[in-house]
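Biologist: Please pick one part of this protein and take me through it closely, together with whatever lies against it. I am in my first year, so please explain each term when you first use it.

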Amino acid sequence: MERKHMSAFSLYQTLSTDEPPPATTPSRQVADKKKRKKENGANKVHTIKAQLKPERKKKRKKPLMSPQREEILKGFTKDEECANGDGEALDALLADLAKVNNSRERASKLFQWLVNPIPAKSFFSETWEKKPILVQRKNSDYYKGLFSTAEFDRMLRKEDVQYGVNLDVTSYTNGKRKTHNPAGRALPFTVWDFYENGCSLRLLNPQAFSSTVWNVLSILQEYFGSMAGANVYLTPPGTQGFAPHYDDIEAFVVQLEGKKHWRVYNPRSEDEVLPVLSSANFSQKDIGKPILEVVLEAGDLLYFPRGFIHQGDCLPDAHSLHITISSYQKNSWGDLLQKVVPVALEIAMEEDVDFRRGLPLDYLTYMGVQNSDKVDPRRTQFFSQIERLMKKLATYSPVDAAVDQKARDFFHDCLPPMLTPEELSSSVQGASARWERGQVLDVGSQITTQTRVRVLRAGCARLCSDGEAVNLYYTTENSRVYHKEELKSFEVKAEHTDAIEFLIHSYPDFLTVGSFPCDSTKDKIALAELLFERGIIHTAEPL
């Protein structure tokens, strides 16, 4: 008897027969997106082909030109030139940037390329954290080389892509957002069957697989001073993969292939402006009318701040591939103060008797919620004392130490730098030590007092003190996989701290090892060897 063929998608559906209980959708943080394996715990998926396929055939209404979009587009002409306007491949651009001597300047140039033709200075003064902005280039090759569907397919075949860790399979039909992740490795046979049946594919950490994405993000993170992350989204024609929601990151939506219809909405209230956490999924009735409605085509860019609700769906005539580059998660003044205030209070209580004096004997009789409506002069005095102590607390705030705590968090989040050819040849990773013809060659110290060195990148190392010891934190040995490695650091000898500060502050200039402010030549060379072995410094010429 001939056995009827059953697709991977259909087979998966037959294994998901139990109806899940209703569940509230948790806040969707970027870190959760990289780690969670299934949406809302162990929810199973029940969407069948018959439910998904009709959605692909529906005609989409032509997007309207809203007043907000007209305002955003004002001042930009169709013929305005862009830095990459001639279709120059991204790898050529990155090769040119690799020749830039200063990594800060390199990062500034790459960000300017990302948002061209908008000047970076005006972007941050007029748009950043304030409003969405649209860049339409009429140049489908502008972002060519960043990522492609062909590279996605190669990854599925060659790399260990895991459902829920590296890849999410999603759908949004009839107002319901679902995740369809099986267990285990995502192989082309199954993944492309999901796609053919109307499911969107979200690659959670493309930088772990794509050297180009890694390179771009590792440069941009230095510009932002905050983790730069990315997700890639591949959506079939005529479908939508995600419900309306807002995020807790600044989002740069880069259209790579095809086109996608986007709607962006204002935050619903002041409480949702620049939110601390991402939102749950919204229904259409929750969000009102969009302030911006547009079809992004390859080469276009859409930016929106955290808190702006958004949704994107594919038109019936083309698939969509876009990458969302993100930054500034948990990088607000409030996040810094969360580190400052508890320590400031601890210091104040140790050093200032006013913070240790007892509360009034009868304060419970006139303070608290049950007494909040009372008109009582003792309440006024109580609030005045709190205000006085809060002002005084600022004088005990260890702001520099708190900033260093933020820096340590950032260094743990960071991607390792992707070395330029010159950096590789002059760093420990490109050292000539090797096994050849039955023996070890070019091994051992080659650093002298005349060797010229500098830190590998402007932001790759930082001295921090915990009050007892000084440690050097660095990113050069980080993993491309988020938090796969522990934060990298080592304790610095007291006699070496001035030399390391000297190195860091002298970037991008090269210094001779002999110019290190250390007590002896031996100390100078020993410090240089240590920093070279950790990949923190490189030499002006290959050793």
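What follows is a slow walk through one small sheet, its neighbours and the sheet beyond them.

Modeller: Before we start, please keep in mind that this is a predicted model, in which local features need pLDDT of at least 70 and side-chain atom pairs count only at pLDDT 80 or more, whereas totals for chains, interfaces and linings use all residues. Residues are numbered from 1 along each chain as its sequence is written, and side-chain values use heavy atoms, with hydrogens and water left out.

The setting comes first. The protein chain has 16 helices and 18 strands; helices (H or I, at least four residues) and strands (E, at least two) are DSSP runs, numbered from the N terminus. Of its 543 residues, 49% are buried, where buried means under 20% relative accessible area, exposed over 50% and partly exposed in between, with a 1.4 Å probe and protein chains only. If you take the contacts between residues at least 6 apart in sequence, 80% of them join residues at least 24 apart, a contact being heavy atoms within 4.5 Å.

The part I have chosen is an open sheet of three strands, in the order S14-S15-S16, with antiparallel pairing; two strands pair if DSSP finds at least two bridges between them. Strands S14 and S16 stand at the edges with a single partner strand each, so one side of each has no neighbour in the sheet. From one strand to the next, the twist averages 25 degrees. As a general point, strands of a sheet pair through backbone hydrogen bonds, and may do so in a parallel or an antiparallel way.

Let us now look at strand S15 (residues 470-474), where four of the five residues are buried, so the strand is largely enclosed by the rest of the structure. On one side, S15 pairs with strand S14 (residues 461-465) in the antiparallel sense over five bridges, and one of the pairs you can look for is Ser465 with its bridge partner Val470 in S15. Strands S14 and S15 form a hairpin with four residues between them, and within this hairpin Gly467 takes a positive phi near 100 degrees. To strand S16 (residues 489-491), S15 is joined by three bridges, and these two strands also run antiparallel. Here Tyr473 stands opposite Ser489 in S16, while Asn471 has Glu491 in S16 as its bridge partner.

Two helices accompany this sheet. Helix H13 (residues 399-413) packs on it and touches S14 and S15, and the direction of H13 makes about 140 degrees with that of S14; such angles run from 0 to 180 degrees between N-to-C directions, the axes being lines fitted to C-alpha atoms, for helices over the stretch in contact. The other helix is H15, which lies across S14 and S15 and runs at about 140 degrees to S14.

Helix H15 also leads us to a second sheet. As residues 497-506, H15 lies across S13, S17 and S18, and runs at about 80 degrees to S13. These strands make an open sheet of three, in the order S17-S13-S18, with antiparallel pairing. Its edge strands are S17 (511-512) and S18 (537-539), each of which pairs on one side only. Strand S13 (residues 452-455) runs antiparallel to S17 and is joined to it by two bridges, and in one of the pairs Arg452 has Thr512 in S17 as its bridge partner.

One last detail sits along the chain between helix H15 and strand S17. Pro508 is found in the loop between these two elements, and a cis peptide bond, with omega about 15 degrees, joins Tyr507 to Pro508. If you would like another example to set beside it, a cis peptide bond also joins Asn116 and Pro117, where omega is about 10 degrees, and Pro117 lies in the loop between H6 and helix H7 (120-126).
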